Each structure stands twice: as structure tokens, then as C-alpha cells.
Amino acid sequence: MNDTKFFFITICYNNKDGLKQTIASLKEQTYLNWSCLIIDGNSIDGTREYLASLNQPSIRFTSEKDRGIYDAMNKGMAGIPDCDYFCFLNSGDTLYSSDVLDKLNSTI
């Protein structure tokens with residue numbers, strides 16, 4: 001079986017509740033070789049504090065003002081580490097099931 005590295009870029013602005021759903025979706029994955037970079041647009045709804053409280057080494061974040069959604073996406077693209085696949089999984093998006101990455105890994 002492959003040991004595929006998946007990388008997710010998540011952009012967020014004042015959507016802490018949606019971001020919690022997205023992170024829960026990632027943390028529920030049975031396949032563990034993934035990481036996520038969250039680009040927060042300097043939210044004022046507690047998003048930054050929530051992200052700072054996470055104790056998840058596979059999740060990194062930055063929180064700073066940007067010029068909109070595409071600027072945030074470009075910032076995320078600049079932070080892609082060595083990986084096999086990357087995907088945008090934005091705030092409020094979730095993976096279909098807890099074994100999605102396992103299934104992808106087994107077919108690659």
C-alpha cells in the first residue's frame with residue numbers, strides 16, 4: 001500500500017463554526033498522513049483563538065489580513081510542503097466520510 005501525503009489548504013474568514021466542522025472532518029480520517037494549512041483573513045469571531053488552542057501537529061495556520069479569497073488561496077499555495085496531492089478544503093467544507101483518504105491512498 002502507498003504512503004501518499006495529502007495536503008489541504010483551508011481558507012477562512014469569520015466562519016469559526018464552519019472551520020470547526022472542516023477540522024473535525026480531517027481529524028476523523030482513518031488515514032493519518034495528511035496535513036492542513038489554514039489561511040485565516042484576520043477573523044474577529046474567535047477563529048484565531050480557536051486555532052491557537054488546537055493541539056494538532058498536522059494543522060498549521062496563519063491569521064492576517066488579505067485582499068480576498070483568491071489572495072488567501074495564493075498564500076496557501078505558497079505554503080505547500082512536499083506532498084503527493086493537495087486540495088482546497090475551505091471553511092465549512094467536509095470530507096465525505098472518515099475513510100476517504102484511506103480509499104484514495106489504496107487506489108493510487
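A residue counts as partly exposed when its relative accessible area lies between the buried limit of under 20% and the exposed limit of over 50%. By that yardstick Asn42, at 31% relative accessibility, is partly exposed. This asparagine sits in the loop between S2 and H2, and its phi is near 70°, a positive value in a residue other than glycine. Asn14 tells a similar story: its phi is positive, at about 50°, although it is not a glycine. Asn14 belongs to the loop between S1 and H1 and is partly exposed too, with a relative accessible area of 30%. As background, most residues other than glycine have a negative phi. All of this, and what follows, comes from a predicted model.

Stepping back to the whole chain, there are 4 helices and 4 strands. Followed along the sequence, they come in the pattern β-α-β-α-β-α-β-α. For 108 residues, a compact globule would have a radius of gyration near 13 Å, and the chain, at 13 Å, agrees with that. Along the principal axes, the C-alpha atoms fill a box of roughly 45 × 25 × 20 Å. Of the 108 residues, 40% count as buried. Contacts often reach a long way along the chain: among those between residues at least 6 apart in sequence, 76% join residues at least 24 apart.

The strands come together as an open sheet, in the order S3-S2-S1-S4, with parallel pairing. Strands S3 (59-63) and S4 sit at the edges, each pairing on one side only. From one strand to the next, the twist averages 15°.

Working across the sheet from the S3 edge, S2 and S3 run parallel and are joined by 5 bridges. Here Ile39 stands opposite Thr62 in S3. Next along, S1 and S2 are also parallel, with 7 bridges between them, and Phe7 stands opposite Ser35 in S2. On the other side, S1 pairs with S4 in the parallel sense over 4 bridges. Phe7 turns up again in this pairing, where its opposite number is Phe86 in S4. Phe7 therefore has a partner in S2 as well as one in S4. As for cover, S2 is mostly shielded, with 6 of its 7 residues buried.

How do the helices fit in? Helix H1 (residues 16-27) packs on the sheet and touches S1, S2 and S3, its direction making about 170° with that of S2. H3 also packs on the sheet, where it touches S1, S2 and S4, and its direction makes about 150° with that of S1. Two of the connections can be given a hand. S1, H1 and S2 make a right-handed β-α-β unit, and S2, helix H2 (residues 47-53) and S3 make a right-handed one as well.

The buried residues of H3 (residues 69-78) are Asp71, Ala72, Met73 and Gly76. Their cover includes strand S1 (6-12), strand S2 (34-40) and strand S4 (85-88). These are the strands that H3 touches where it packs on the sheet.

Helix H4 (residues 100-107) has a short list of buried residues, namely Val100, Leu101 and Asn105. They end up on the same side of H4 because they cover an arc of only 130° around the axis. A general point about helices helps here: with 3.6 residues a turn in an α-helix, residues three or four places apart point the same way. The buried residues of H4 pack against S1 and S2. Looking the other way, the face turned away from the buried side of H4 carries the exposed residues Lys103 and Thr107.

Key: Residues numbered from 1 in each chain as written. Predicted model: local features only at pLDDT ≥ 70, side-chain atom pairs only at ≥ 80, totals over all residues. Heavy atoms only, no water. Buried < 20%, exposed > 50% of the residue type's maximum accessible area, 1.4 Å probe, protein only. Helix = DSSP H or I, 4+ residues; strand = E, 2+ residues; numbered from the N terminus. Contact = heavy atoms within 4.5 Å. Arc of directions from axis to C-beta. Pairing = 2+ DSSP bridges. Axes fitted to C-alpha atoms, helices over the stretch in contact; angles between N-to-C directions. Right-handed = clockwise from strand over helix to strand, strands pointing away. Rg over C-alpha atoms; globule rule 2.2 N^0.38 Å.
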